[in-house]
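Suppose you have a new model open on your screen and would like to read its charged pairs and one of its pockets. How would you go about it with a friendly guide at your side?

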Amino acid sequence: MNPFEANKTDDARMNFPLADRLEEVRRELKVMKAREREIVLELQEKGGQRGAFFEAVVSEVTRRSLDTKAVKAHFGDALEPFYRESAVVTVKLNAIVHD
């Protein structure tokens, strides 16, 4: 049995407009992300944990990243040939105010 089957929900709001359903999903994701952060912190404090279906292994690694603000400040316009542009499609939700 998939341990996540119990989390499946019947979408009772299928008749809602897509925009309203998207807002609801985004709101639920925020709540779930906050809960995820809480659980991750707790697992980090415990050093990991073995569950019934999964084992959480905590590890520390060194990550190296580029400080793009500093690079732009240092090289300025010399970076222009290295930029690339791509089209991005987004969906922004605006609340509708009813009088």
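What follows is a short dialogue about salt bridges, exposure and a pocket in this predicted model.

Q: How many salt bridges does the structure hold?

A: Let us start with the general idea: a salt bridge here is a side-chain nitrogen of Lys or Arg within 4 Å of a carboxyl oxygen of Asp or Glu. In this structure there are three salt bridges.

Q: Which residue meets Glu23 in a salt bridge, and at what N to O distance?

A: The partner of Glu23 is Arg27, with 2.8 Å from N to O. Both residues belong to helix H1, which covers residues 18–46. They are four residues apart, about one turn of the helix.

Q: What is the spacing along the helix between Glu36 and Lys33?

A: These two are three residues apart in helix H1, so about one helical turn separates them. Their side chains meet in a salt bridge, at 3.2 Å from N to O.

Q: And where do Arg35 and Glu38 lie?

A: Arg35 and Glu38 are also found in helix H1, three residues apart, or about one turn of the helix. They form a salt bridge whose closest N and O atoms are 3.0 Å apart.

Q: How should I read the exposure of these side chains?

A: Look at the relative accessible area: buried means under 20%, exposed means over 50%, and partly exposed is in between. Glu23 has 33%, so it counts as partly exposed. Arg27, its salt-bridge partner, is partly exposed too, at 46%.

Q: What are the values for Glu36 and Lys33?

A: Glu36 has a relative accessible area of 39%, which makes it partly exposed. Lys33 is at 46% and is likewise partly exposed.

Q: What about Arg35 and Glu38?

A: Arg35 is at 43%, and Glu38 is at 45%. Arg35 therefore counts as partly exposed, and so does Glu38.

Q: Now for a pocket. Which residues line the second largest pocket?

A: A good way to read a pocket is to go through its lining, then its classes, then its volume. The lining here consists of Ala19, Asp20, Glu23, Leu93, Asn94, Ala95 and Ile96. You have already met Glu23, which forms the salt bridge with Arg27.

Q: How many of the lining residues are nonpolar, polar or charged?

A: Four are nonpolar, one is polar and two are charged.

Q: And what is the volume of the second largest pocket?

A: That volume is about 170 Å³.

Definitions and conventions. Residues are numbered from 1 along each chain as its sequence is written. This is a predicted model: local features need pLDDT of at least 70, side-chain atom pairs count only at pLDDT 80 or more; totals for chains, interfaces and linings use all residues. Side-chain values use heavy atoms; hydrogens and water are left out. On a 1 Å grid over the protein atoms alone, a cavity is a set of points where a 1.4 Å probe fits but cannot get out, and a pocket is an open set with protein on both sides within 12 Å along at least five of seven lines; lining residues have an atom within 4 Å of a point. Grid points are joined across faces, edges and corners, and a volume is the space filled by probe spheres set on the points. Ala, Val, Leu, Ile, Met, Phe, Trp, Tyr, Cys and Pro count as nonpolar, Asp, Glu, Lys and Arg as charged, and the others, Gly among them, as polar. Buried means under 20% relative accessible area, exposed over 50%, partly exposed in between (1.4 Å probe, protein chains only).
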